[in-house]
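Hi,

Here is the structure I promised to pass on. Have a look at it first, and then read my notes below with the viewer open.

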Amino acid sequence: MGKGKAPRRTLDSYTLRNINKTIKAGDCVLMRPAERSKPQYVARIERIEADARGGNVKVHVRWYYRPEESIGGRRQFHGSKEVFLSDHYDVQSADTIEAKCTVHSFKSYTKLDAVGNDDFFCRFEYNSATGAFNPDRVAVYCKCEMPYNPDDLMVQCEGCSD
């Protein structure tokens, strides 16, 4: 008779020795890409598991996509630090986590005094199978009728106060 799958247990948190940070479900992290020339992947930890001895730690993640990874690609109004929360879930080794990061709401991101390397923002959820976004519309501004890009300076219109 073959050996069954070893039982796994859910961990409340786990300390990453390589970066001396503790992670828990709900945290956002930067994960090592397969190709070093690519940017780090952004993910939200859904669950952390280990084998019965506390080793072989795996993280269940929900991926954030960058605009260029989505159907339709990067558009003029996408900010450089914009990511989309996807419906793509995965299980990865905890060893692939390189740093913790923060994914802000669009509103809180626009109020930051300074944006760090580990700051991102999300204003859309993304369906990776269909390419659909939720919400499927956002407010547009100005004569250009484009959504607000927080990387671009915007001047208030004297006529309409937008």
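Before the notes start, one bit of vocabulary: two strands count as paired here if DSSP finds at least two bridges between them. Also keep in mind that this is a predicted model.

With that in hand, start at β2 and β3. The two strands, residues 13–16 and 21–24, run antiparallel and are joined by four bridges. Across the pairing, L16 in β2 sits opposite K21 in β3. Strand β2 also shows two faces: Y14 and L16 are on the covered one, while S13 and T15 are on the uncovered one. That fits a general pattern, in which side chains of a regular strand alternate between the two faces of the sheet.

The turn of this hairpin has four residues between the strands. N20 lies in that loop, and its phi is positive, about 55°, although it is not a glycine. That caught my eye because most residues other than glycine have a negative phi. Is N20 buried or exposed? Its relative accessibility is 63%, so N20 counts as exposed.

There is a second asparagine to look at. N56 has a positive phi of about 45° and is not a glycine either. You will find N56 in the loop between β5 (41–51) and β6 (58–65). With a relative accessible area of 46%, N56 is partly exposed.

Now the charged residues. How many salt bridges turn up in a search of the whole structure? The answer is nine. As a reminder, side chains of opposite charge can pair when their charged atoms come close. Here are some to click on:

- R44 with E46, at 2.9 Å from N to O. R44 is partly exposed at 22% relative accessibility, and E46 is partly exposed at 32%.
- R47 with E49, at 3.1 Å from N to O. R47 is partly exposed with a relative accessible area of 34%, whereas E49 has 15% and is therefore buried, the cut-off being under 20%.
- R123 with E82, at 2.8 Å from N to O. This pair links distant parts of the chain, with R123 in the loop between β9 (119–122) and β10 (125–126), E82 in the loop between β6 and β7 (84–93), and their positions 41 residues apart. Both R123 and E82 are buried.

Going back to R47 and E49 for a moment: salt bridges that share partners join these two and R8 into one network.

R62 deserves its own view. This arginine is in strand β6 and is buried, with a relative accessible area of 12%. What does the side chain of R62 reach at 2.6 Å? That is the backbone oxygen of S86. The R62 side chain also makes a polar contact of 3.4 Å with the side chain of E125. Leaving out residues up to four places away in sequence, the residues that R62 touches include A43, L85, D87, H88 and Y89. R44 and E46, the salt-bridge pair from the list above, are also among the contacts of R62.

For another arginine, try R36 in the loop between β4 (28–31) and β5. R36 has 60% relative accessibility, so it counts as exposed. Its side chain makes a polar contact of 3.0 Å with the side chain of E98.

Finally, the nonpolar interior. In soluble globular proteins, nonpolar side chains tend to be buried together. The largest nonpolar core in this model has 21 residues, and Y14, I23, M31, I48, V59 and I97 touch the most other members. Strands β2, β4, β5 and β6 are the elements that give two or more residues to this core. Y14 brings us back to the hairpin, as it is on the covered face of β2. To see how one of these core residues is surrounded, pick I23: not counting residues up to four places away in sequence, it touches D12, S13, Y14, L16, V29, I45, I48, V59, I97 and K100. Apart from this core lies another, of ten residues, including L85, C101, V103 and F120. L85 may look familiar, since it was listed as a contact of R62.

Cheers

Note on methods:
Residues numbered from 1 in each chain as written. Predicted model: local features only at pLDDT ≥ 70, side-chain atom pairs only at ≥ 80, totals over all residues. Heavy atoms only, no water. Buried < 20%, exposed > 50% of the residue type's maximum accessible area, 1.4 Å probe, protein only. Salt bridge = Lys/Arg side-chain N within 4 Å of Asp/Glu carboxyl O. Polar contact = N/O pair within 3.5 Å; in protein donor to acceptor, adjacent residues only side chain to side chain. Contact = heavy atoms within 4.5 Å. Core = buried A, V, L, I, M, F, W, Y, C linked by side-chain atoms within 4.5 Å.
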